[in-house]
Amino acid sequence: MSELRYNYLWDTWSVIAPERERRPHDYPVHAYMSTVPPEKCPFEPGKERITPHEIFAIREPGTEPDSPGWKVRVIPNKYPALRIEAPPERKGTCIYDRVGGFGAHEIVIETPDHYKTFYNFSQKEVELVLTTYRERIKSLSGDKRISYILVFKNYGRDAGASISHSHSQIIATPQIPEKVERVIEQSRRYYATKRRCYLCDEINLELNLMDRIVYENEEIVVYCPFASLFPFQMRITPKRHRASFQESTDEEIKLIADALRQALKRLYKALVNPPYNFFIHTKPPERERADRPNYFKGMESFFHWYIEIIPRISIPAGFEFGSGYYINPTSPETAAKFLREVVL
Ligand SMILES: [Zn+2]
Ligand SMILES: [Zn+2]
């Protein structure tokens with residue numbers, strides 16, 4: 001029997017379909033990356049002059065911006081979806097609303113090494129990438145025109161990556177994206193009746209049951225959510241209540257890096273280099289909202305940051321687009337067991 005499961009945080013349903021049960025080797029989708037050699041790659045050290053000027057970098061001491069010596073480098077996207085120069089004005093024609101394409105679109109080049117990625121990064125390399133995310137979210141939060149900063153990664157052509165050199169992206173928007181708003185509203189609603197944070201409760205329950213846990217360290221837990229919409233979907237979140245990823249201390253960054261590295265190495269082994277996306281949902285910077293007074297009241301208590309990893313091994317189709325429900329052919333219990341038991 002298949003089973004519909006309610007995904008509380010995202011306010012949608014997943015259809016766990018065990019009679020279509022698929023195990024890791026039933027997903028022959030591997031991350032195909034272009035075989036562009038380093039000589040033709042725009043993100044190589046020594047080619048800093050052909051990219052836009054860097055916004056931020058973690059560098060060897062004594063090295064100059066836009067020169068080699070960086071470990072992580074952030075540049076504006078050459079073909080941005082949104083631009084910081086465009087005015088964030090709202091215009092309307094009858095029923096159609098428009099806002100100028102205002103925002104920021106940045107590329108985080110995660111490593112100078114053309115052939116490395118999260119699957120073979122060292123602990124230290126993952127820490128530097130997460131530190132970069134933290135610093136960029138903090139810095140962009142200072143721009144009052146920006147209401148949300150979304151960090152995400154596309155790995156593999158099937159997950160939307162067009163350049164193979166390991167990178168992630170940051171898009172800052174003048175409004176809070178709909179999915180984030182939904183998570184905020186669901187968390188607010190739960191807190192209003194229970195006076196507890198939803199994700200804190202979810203983590204406590206999962207750590208008691210243990211059947212969907214993939215990995216844990218002192219501070220961070222990795223698990224396959226109860227109503228996973230996608231096969232091998234994973235959530236990474238702090239065990240102690242934390243609203244903002246960007247407020248993580250250096251010590252916490254180390255433990256988040258350990259958990260993220262474990263999750264992605266396990267995914268690599270279990271599914272043989274699958275394409276994937278991940279994103280961070282964190283508390284937005286506080287802004288006055290004429291439409292919603294008190295919008296941020298209590299958010300520090302009811303919102304809990306998390307990273308979601310979505311392997312791109314199943315293709316959402318007509319049913320998913322039409323219903324907003326997702327058919328997931330691998331139960332999160334089966335997925336967690338594989339990911340937990342994989343030999344690294
Ligand atoms: Zn490269
Ligand atoms: Zn919490």
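Biologist: Hi! Which strands make up the open sheet of 3 strands, and in what order?
Modeller: Hello! The order is β1-β2-β15, and the pairing is mixed. Keep in mind as we go that this is a predicted model.

Biologist: Got it. Which strands stand at the edges there?
Modeller: Those are β1 (3-7) and β15 (326-328). Each has a single partner strand, so one side of each is left without a neighbour in the sheet. From one strand to the next, the twist averages 30°.

Biologist: How many bridges join β1 to β2?
Modeller: There are 5 bridges, and the two strands run antiparallel. As an example, Asn-7 has Thr-12 of β2 as its bridge partner.

Biologist: Let's stay with Thr-12 for a second. What does Thr-12 touch?
Modeller: Leaving out residues up to four places away in sequence, Thr-12 touches Asn-7, Gly-324 and Tyr-325. Thr-12 itself lies in strand β2, residues 12-16. There is also a long reach along the chain: Thr-12 and Tyr-326 are 314 residues apart, yet their C-alpha atoms are separated by 8.5 Å.

Biologist: Why does Thr-12 count as partly exposed?
Modeller: Because Thr-12 has 16 C-beta neighbours inside 10 Å. Buried would take 20 or more, and exposed 12 or fewer.

Biologist: Makes sense. Changing topic: what is the strand order in the open sheet of 10 strands?
Modeller: The order is β3-β4-β7-β9-β8-β13-β14-β12-β11-β10, with antiparallel pairing. The edge strands are β3 (56-59) and β10, each pairing on one side only. On average, neighbouring strands of this sheet are turned by 15° against each other, ignoring direction.

Biologist: And how many bridges join β11 to β12?
Modeller: β11 and strand β12 (residues 234-238) are joined by 4 bridges and run antiparallel. One pairing to look for is Tyr-223 with Arg-235 of β12.

Biologist: Which strands does α4 lie across?
Modeller: α4 lies across β10, β11, β12, β13 (276-281) and β14 (306-311). The helix runs at about 20° to β11.

Biologist: Nice. At what angle do α1 and α4 pack?
Modeller: Helix α1 (residues 123-141) and helix α4 (residues 250-271) pack at about 115°, with axes 9 Å apart. Their crossing is right-handed. On the α1 side the contact uses Gln-123, Val-126, Glu-127, Leu-130, Thr-131 and Arg-134. On the α4 side you will find Ile-253, Lys-254, Ile-256, Ala-257, Asp-258, Leu-260 and Arg-261.

Biologist: How many of the residues in that contact are nonpolar, polar and charged?
Modeller: The contact of α1 with α4 divides into 6 nonpolar, 2 polar and 5 charged residues.

Biologist: Why do residues three or four places apart in an α-helix point the same way?
Modeller: Because an α-helix has 3.6 residues a turn.

Biologist: Moving on to α7. Which of its residues are buried?
Modeller: In helix α7 (residues 332-341) the buried residues are Pro-332, Thr-334, Ala-335, Ala-336 and Leu-339. They pack against β10 (213-216), β11 (220-223) and α4.

Biologist: Last bit, the whole chain. How many helices and strands are there?
Modeller: The chain has 7 helices and 15 strands. Its C-alpha trace spans about 60 × 50 × 45 Å along the principal axes.

Biologist: What radius of gyration does the chain have?
Modeller: The chain has 20 Å, which agrees with the value near 20 Å for a compact globule of 344 residues. Buried residues make up 39% of the chain. Among contacts between residues at least 6 apart in sequence, 71% join residues at least 24 apart.

Terms used: Residues numbered from 1 in each chain as written. Chains lettered and ligands numbered in written order. Predicted model: local features only at pLDDT ≥ 70, side-chain atom pairs only at ≥ 80, totals over all residues. Axes fitted to C-alpha atoms, helices over the stretch in contact; angles between N-to-C directions. Left-handed = near helix turned anticlockwise from the far one by under 90°. Contact = placed C-beta atoms within 7 Å. Nonpolar A, V, L, I, M, F, W, Y, C, P; charged D, E, K, R; others polar. Rg over C-alpha atoms; globule rule 2.2 N^0.38 Å. Pairing = 2+ DSSP bridges.
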